[in-house]
Amino acid sequence: MKKESDKGIQVISRAASILREVVANPDGMSLGQLATATGLARSTVQRIVDALEMEFLVQAGTGGVRPGWGLRRLGDLAGPSIACELRPQLFRLFEATGETVDLSTLGGAEVLFLDRFLSEHNVRVVPDAGAHYPAYAMATGKALLAGLDNEQIWAMYG
């Protein structure tokens with residue numbers, strides 16, 4: 001039997017899953033598309049989207065569910081981000097090597113690029129800052145995955 005506190009954690013996890021999909025598809029997703037993408041029942045998605053809309057974290061309308069202005073507001077919280085704090089060190093490394101230097105982290109099974117300095121080489125990969133990429137498909141992601149143990153890898157990929 002689930003405890004009441006487990007239900008609270010589950011709804012946050014479900015809401016976060018919906019928010020990740022909405023942010024990844026800013027042009028809008030229908031409730032059915034969100035249900036399919038998250039593996040949740042459409043009625044559950046509807047209830048969570050309604051609650052997120054009341055907090056301005058999403059906006060729902062004829063164009064589907066889209067990111068709301070409240071998400072931007074959360075991103076504008078006071079205080080420097082880790083990317084801002086590490087930018088001078090990234091630039092020094094870029095100057096010293098002449099190679100592309102990026103700051104990335106794992107977000108689940110994806111790589112999130114936070115900042116970068118691009119080399120002037122003719123052939124280079126240009127990941128978008130703020131974009132998510134499958135960790136297994138990127139050199140940076142493979143390096144980050146190498147720091148995990150087998151159980152963590154299995155939890156991500158099965």
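In this predicted model, Phe-91 and Phe-94 both belong to helix H5, which spans residues 82-97, and because they are three residues apart there, about one helical turn separates them. An α-helix has 3.6 residues a turn, so residues three or four places apart point the same way. The rings of Phe-91 and Phe-94 form an aromatic pair, with 6.0 Å from centre to centre and 40° between the planes, an arrangement that counts as tilted. The two residues also differ in their cover: Phe-91 is partly exposed, at a relative accessible area of 34%, whereas Phe-94 has a relative accessible area of 18% and is therefore buried, the cut-off being under 20%. Ring pairs extend this arrangement to Phe-117, which joins Phe-91 and Phe-94 in a cluster, and a search of the whole structure finds five aromatic pairs.

With that detail in place, the overall layout can be followed along the sequence. The chain contains seven helices and five strands, and their order reads α-α-α-β-β-α-α-β-β-β-α-α. Of its 158 residues, 25% are buried, and the chain exposes about 10,700 Å², of which carbon and sulfur atoms supply 57%. When contacts between residues at least 6 apart in sequence are considered, 37% of them join residues that are at least 24 apart.

Helix H2, which covers residues 31-38, shows how burial can be distributed around a helix. Its residues Leu-31, Leu-34, Ala-35 and Thr-38 are buried, and, seen down the helix axis, the buried residues of H2 fall within an arc of 100°, so they line one face of the helix. Gly-39 follows H2 and has a positive phi, near 75°.

Leu-34 leads from this face into the largest nonpolar core, which has 16 residues and in which Leu-34 is listed with Ile-18, Val-45, Val-49, Leu-52, Val-58 and Val-65 as having the most contacts inside the core. The elements that contribute two or more residues to this core are helix H1 (4-24), H2 and H3. Val-49 illustrates how the core is connected, since, leaving aside its neighbours within four places in sequence, Val-49 is in contact with Ile-18, Leu-31, Leu-34, Val-58, Ala-60 and Val-65. A second core, separate from this one, consists of six residues, among them Ala-83, Phe-94, Val-101 and Leu-103; Phe-94 thus belongs both to this second core and to the aromatic cluster with Phe-91 and Phe-117.

Two of the contacts of Val-49, namely Val-58 and Ala-60, fall within the residue range of strand E1, residues 58-61, which pairs in the antiparallel sense with strand E2, residues 64-67, over four bridges. E1 and E2 form a hairpin, with two residues between them, and Gly-61 stands opposite Gly-64 in E2.

The approach to this hairpin runs through the loop between helix H3 (42-54) and E1, where Glu-55 is found. Is Glu-55 buried or exposed? Its relative accessibility is 53%, and Glu-55 therefore counts as exposed. Although Glu-55 and Gly-70 are 15 residues apart in sequence, their C-alpha atoms are 7.0 Å apart in space.

Note on methods. Residues are numbered from 1 along each chain as its sequence is written. This is a predicted model: local features need pLDDT of at least 70, side-chain atom pairs count only at pLDDT 80 or more; totals for chains, interfaces and linings use all residues. Side-chain values use heavy atoms; hydrogens and water are left out. Buried means under 20% relative accessible area, exposed over 50%, partly exposed in between (1.4 Å probe, protein chains only). Contact means heavy atoms within 4.5 Å. Accessible areas come from the Shrake-Rupley method with a 1.4 Å probe; for residues, only the protein chains shown count as cover. Rings of Phe, Tyr and Trp (its six-membered ring) pair if their centres lie within 6.5 Å; planes under 30 degrees apart count as stacked, over 60 as edge-to-face and the rest as tilted. Two strands pair if DSSP finds at least two bridges between them. The arc is that of the directions from the helix axis to the C-beta atoms. A nonpolar core is a set of buried Ala, Val, Leu, Ile, Met, Phe, Trp, Tyr and Cys residues joined through side-chain atoms within 4.5 Å.
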